[in-house]
Amino acid sequence: MSEVVGRVLAELGVSRAFGVVGSGNFDLTNALRANGIGYVAARHECGATTMADAYARMTDTVAAVTLHQGCGLTNALTGIAEAAKSRTPLLILAADTAGEAVLSNFRVDQDALATAVGATPERIHSPRSAIADTVRAFRIARDQRRCVVLNLPLDIQAAEITMPGAAETPPPPPEPVRPHAAAVSKLATLLLNSHKPVFIAGRGARLYGADLRVLAECAGALLATSAVAHGLFHGDPWSLGISGGFASPTAAELITGADLIVGWGCALNMWTMRHGNLIGPTTTVAQVDSDLAALGAHRAVDLGVHGDVGETARELFRTFTPRPGYRTPRVARRLAETGRWRDVPFEDRSTAERIDPRALSRALDELLPPERILAVDSGNFMGYPSAYLEVPDQYGFCFTQAFQSIGLGLATAIGSALARPDRLPVAALGDGGALMGIAELETVVRLGLPMLIVIYDDHAYGAEVHHFREADPGAVTFPDTDIAALARGAGCEAAVVRTIADLDIVPKWLAGHRNTPLLLDAKITSDGGSWWLQEAFARH
């Protein structure tokens, strides 16, 4: 049966799979490879799942993961939870114990595990239904943007079945949801009456940046994104960058000053709206989303429009009269002068032994080519690369943080690098997350990825150190580790960075063959808790 599943998935358009092979998924993995699906072997199942998640996000395709039964699936659960919360179209091919193997060491309730972390459990029920079951799982992943765990029992995998001449062809994806005319009219009225509109685009708007730019220009709206859509409006003089905890002071002030905020495919959650603090007391809030359940899910909205972002934006533009709105000469000057974090003055706290993370990030932004793809792990440090390192578009930033787990950043960078081989992959990690996911350093080297890995190293779990200021930090601080030495052992080029001068290795590496990755173990100064941390922990 494994051969049939591999062929069906190849005919459905799955082009890349990630995994860790055990006895239960050995034949299945080889079937994927034999049918032309590129396979990437990871060193840990969570890493494999996160690589696939990043690859799917950066290619807008369904990616696959292949896992051993039982422990293979449990090892992957954090990555599966992240993909499920992020609505990533992912297909997890998990071997499962045979129905009669009730005493198997590998036996766990795999359907329940998938459900528990928000994924959709599916199953190959019999040899006769194998093709239909596979197609159904793929359609759910593709059309509903779900992380689907397709369980493949070993006894059914071993069954002989005959593949017809061609796989069952699923219908094409459903047409975009057309918004109701009355809802579009109400939103048009809100925009016409607005003097300071702000558009905030989220994951559901990543394909419609051009439509939103045109409508925003007509409506006089400023443009911002959630973190996961960062880069969507890169280069637009009216872009505020990321809304939420990573917003620059100027961006935060302008968003708060809006009289109308429209969320486009954006949850408007506590991260994007700073627990609601970015919504002024008299601001009207509207939300456009193709998922009906998303409307008003995180906060009350004055108008919810159930519709595809692109369809809604185009409908509005057809009937809209241009107006200056928020796009005044004064706002233009402010954005040009102080709109980006790199334009905000700061006191450089670098010493001879440790570098200020702001100085580090700003210097890296100047050194690196603009065609880059940035993956950021979670932790106290994460605002610095997210805010200071510019990205060329929405395919230049991959942010696997819906579950807020540290340790996913390096695997995210691997999946992103494979998705966009035309760009320089940059992984920005804290020392805690780097050491948690360090097994995948070998994967970076083995795949020959020309990756720059930057460790913001404060030898601590910095978020906890700075949040619990009055408590004993002994449980969350560690001896200073030579991560550069560990990286060299895996086959990377590596250097310890204590000052700006130590970054001289970067242009030399960029000018070379880049046939091995470069890791920078940057020993950073304490920032006393990054600017976004206090709000991030509030009421959470």
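Here's a short back-and-forth on a predicted model, covering a sheet, a helix and a pocket.

Me: In what order do the six strands of the open sheet sit?
Reply: The pairing in this open sheet is parallel. Its edge strands, β2 (38-41) and β5 (120-123), each pair on one side only. From one strand to the next the twist averages 25°. Reading across, the order is β2-β1-β3-β4-β6-β5.

Me: Over how many bridges do β3 and β4 pair?
Reply: Let's take the neighbours of β3 in turn. With β1 (residues 16-19), β3 (residues 63-67) pairs in the parallel sense over three bridges, and there Phe18 has Val65 as its bridge partner. With β4 the sense is parallel too, and Ala63 is bridged to Leu90. For β3 and β4, the count is five bridges.

Me: Why is β4 largely enclosed by the rest of the structure?
Reply: In a regular strand, side chains alternate between the two faces of the sheet. In β4, Leu90, Ile92, Ala94 and Asp96 point one way, while Leu91, Leu93 and Ala95 point the other way, and all are buried. Buried here means under 20% relative accessible area. So β4 is largely enclosed because of its buried residues, seven of the seven.

Me: What angle does the direction of helix α3 make with that of β3?
Reply: Helix α3 (residues 45-59) packs on the sheet and touches β1, β2, β3 and β4 (90-96). Against the direction of β3, the direction of α3 makes about 170°.

Me: How many of the 15 residues of α3 are buried?
Reply: Start with the helix itself: α3 reaches 21 Å from its first C-alpha to its last, close to the 21 Å expected at 1.5 Å a residue. It packs on the sheet, and it's mostly covered. Out of its 15 residues, the buried count is 14.

Me: Which residue takes a positive phi just after α3?
Reply: Helix α3 covers residues 45-59, so to speak of "just after" is to look past that stretch. The phi there is about 55°, and the residue is Asp60.

Me: Which element gives the largest share of the lining of the second largest pocket?
Reply: This pocket has a volume of about 520 Å³. Of its 27 lining residues, the closest to the centre are Ser239, Leu240, Gly241, Arg340 and Glu390. Two elements give two or more residues to the lining, β9 (239-242) and α14 (383-388). The largest share is four residues, and it comes from β9.

Notes
Residues numbered from 1 in each chain as written. Predicted model: local features only at pLDDT ≥ 70, side-chain atom pairs only at ≥ 80, totals over all residues. Heavy atoms only, no water. Pairing = 2+ DSSP bridges. Axes fitted to C-alpha atoms, helices over the stretch in contact; angles between N-to-C directions. Contact = heavy atoms within 4.5 Å. Expected span 1.5 Å × (residues − 1). Buried < 20%, exposed > 50% of the residue type's maximum accessible area, 1.4 Å probe, protein only. 1 Å grid on protein atoms, 1.4 Å probe; cavity = no way out; pocket = protein on both sides within 12 Å on 5 of 7 lines; lining within 4 Å. Points joined across faces, edges and corners; volume = space filled by probe spheres on them.
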